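Me: Hi! I'd like to go through this structure with you, one question at a time. Shall we look at it together?

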Amino acid sequence: MTRVLLTGAGGELGRVLRQSLAGSYDLLRLSDVSDMDPAGPGEEVVRCDLADAEAVQAAVDGCDTILHLGGMSVESTFEIILNSNIRGTYNVYEAARKTRARRVLFASSNHAIGFHTRETLLDASAELRPDSIYGVSKGFGEILARYYFDKFGIETVCVRIGSCFEMPMNRRMMSTWLSSRDFTSLVKSVVAADRVGFAVVYGASDNEPQWWDNRQTAFLGWRPLDSSAAFSQEPHIVNETTDPNDPAIKFQGGGFAAAGHFED
Ligand code: NAI
Ligand code: 15L
């Protein structure tokens with residue numbers, strides 16, 4: 001039996017997974033604070049604010065696998081990030097511990113390592129260098145996941161998602177782009193693996209140029225099939241002008257690294 005909870009099911013990637021994972025598991029329970037379509041076959045829909053521990057417990061109960069995508073997905077106020085990403089992720093792990101869930105896929109972000117320069121090839125052991133309070137919250141989620149594995153044996157794969165959109169929107173995304181198809185196959189690999197322990201994988205397609213090395217998670221057997229190269233001749237990619245000293249070009253996090261502090 002594989003009973004899966006998907007948080008953030010009403011968001012962009014949640015909606016992608018709802019469609020692409022349909023029928024793959026015994027149950028796909030969909031949860032979000034925002035509106036979602038009514039449940040279809042094999043689905044349950046549970047509205048819940050991640051900051052509400054009791055509601056999160058009810059959403060997690062009965063699920064062995066959690067795809068934790070819910071939360072603030074860009075830079076914001078500390079208050080919002082605290083409730084959605086920090087408290088919210090803590091609530092998910094506490095509920096997982098109490099219900100003895102087996103495995104979590106944590107939707108981390110490249111912004112947890114966004115202050116590494118583009119000429120640095122990163123692997124799973126790279127130092128966290130968040131480029132924003134949003135990135136800090138993803139680093140928190142990763143270290144929390146580490147703790148829940150070491151102390152309670154709850155497995156996690158932290159997926160440092162690059163840029164999962166229909167196509168790369170700028171030259172930076174030629175390296176960070178992740179197709180929906182590759183994202184789905186990565187999620188399926190994480191759910192299907194016999195054992196994952198605690199692991200960090202970069203969610204990027206088979207792009208050129210590469211900034212990230214996933215050899216440490218070869219055990220997942222995940223092979224991205226798409227590549228940003230298919231978009232290399234798009235006018236918005238060819239014609240983009242870049243200044244190597246611009247922080248948005250220097251750092252992997254791009255505009256997040258270049259931006260000022262959100263609360264200023
Ligand atoms: P999104 O913003 O479209 O979806 C996030 C969902 O989380 C929304 O439906 C929102 O209502 C829900 N949410 C926010 N706060 C909540 C709360 N307190 N309680 C319950 N639900 C709450 O973001 P997207 O693009 O779908 O991303 C999904 C996850 O993947 C996010 O955690 C994001 O940080 C991460 N990610 C996405 C990337 C991308 O390229 N789309 C890149 C890197 C990370
Ligand atoms: C993210 O973490 C965001 O959720 C997404 O909206 C994009 O900004 C992405 O990173 C990116 O770096 O392109």
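Reply: Happy to! One term before we start: a residue is called buried if its relative accessible area is under 20%. Please keep in mind that this is a predicted model.

Me: What share of the residues in the protein is buried?

Reply: The count runs over the 264 residues in the protein. With the cut-off of under 20% relative accessible area, the buried share comes to 52%.

Me: How many helices and strands are there, and how does the radius of gyration compare with the globule rule?

Reply: The protein has nine helices and seven strands. For 264 residues the globule rule gives 18 Å, so the protein is as compact as a globular protein of that length. The C-alpha atoms fill a box of roughly 50 × 40 × 35 Å along the principal axes. The radius of gyration itself is 18 Å.

Me: Among contacts between residues at least 6 apart in sequence, what share joins residues at least 24 apart?

Reply: A contact here means heavy atoms within 4.5 Å. Taking the contacts between residues at least 6 apart in sequence, the share that joins residues at least 24 apart is 69%.

Me: How far apart are the mean positions of the positive and negative charges?

Reply: The protein carries 25 positive and 35 negative charges. Averaging the positions of each set gives two points, and their separation is 6 Å.

Me: Which kind of aromatic pair do F115 and F251 form?

Reply: A search of the whole structure turns up nine aromatic pairs. In this one the ring centres of F115 and F251 are 4.7 Å apart and the planes meet at 85°. Planes over 60 degrees apart count as edge-to-face, so the pair of F115 and F251 is edge-to-face.

Me: How many residues apart in sequence are the parts that this pair ties together?

Reply: F115 sits in the loop between β5 (103-109) and α4 (133-152), while F251 sits in the loop between α8 (247-250) and α9 (255-258). F115 is partly exposed at 28% relative accessible area, whereas F251 is buried at 13%. The parts tied together by the pair are apart in sequence by 136 residues.

Me: Is Y148 buried or exposed?

Reply: The rings of Y148 and F152 have centres 5.2 Å apart and planes at 45°, so they make a tilted pair. Both residues belong to helix α4, where being four residues apart separates them by about one helical turn. F152 is partly exposed, with 36% relative accessible area. Y148, at 2% relative accessibility, is buried.

Me: Which residues form one aromatic cluster with Y148 and F152?

Reply: The cluster has Y148 and F152 as two of its members. Joining them are Y93 and Y147.

Me: Which peptide bond is cis, with omega near -5°?

Reply: Most peptide bonds are trans. The cis bond leads into P209, a residue in the loop between β7 (198-203) and α7 (235-238). It is the bond from E208 to P209.

Me: What is the phi of R100?

Reply: Most residues other than glycine have a negative phi. R100 is in the loop between α3 (78-99) and β5, and it is exposed at 75% relative accessibility. Although R100 is not a glycine, its phi is positive, at about 55°.

Me: Which residues does R3 contact, leaving aside its neighbours within four places in sequence?

Reply: R3 lies in strand β1 (residues 3-7) and is partly exposed at 26% relative accessibility. With the neighbours within four places set aside, R3 is in contact with L27, R29, G62, C63, D64 and T65.

How values were computed:
Residues numbered from 1 in each chain as written. Chains lettered and ligands numbered in written order. Predicted model: local features only at pLDDT ≥ 70, side-chain atom pairs only at ≥ 80, totals over all residues. Heavy atoms only, no water. Helix = DSSP H or I, 4+ residues; strand = E, 2+ residues; numbered from the N terminus. Rg over C-alpha atoms; globule rule 2.2 N^0.38 Å. Buried < 20%, exposed > 50% of the residue type's maximum accessible area, 1.4 Å probe, protein only. Lys, Arg positive; Asp, Glu negative; His and termini not counted. Charge placed at Lys NZ, Arg CZ, Asp CG, Glu CD. Phe/Tyr/Trp six-rings, centres within 6.5 Å; stacked < 30°, edge-to-face > 60°.
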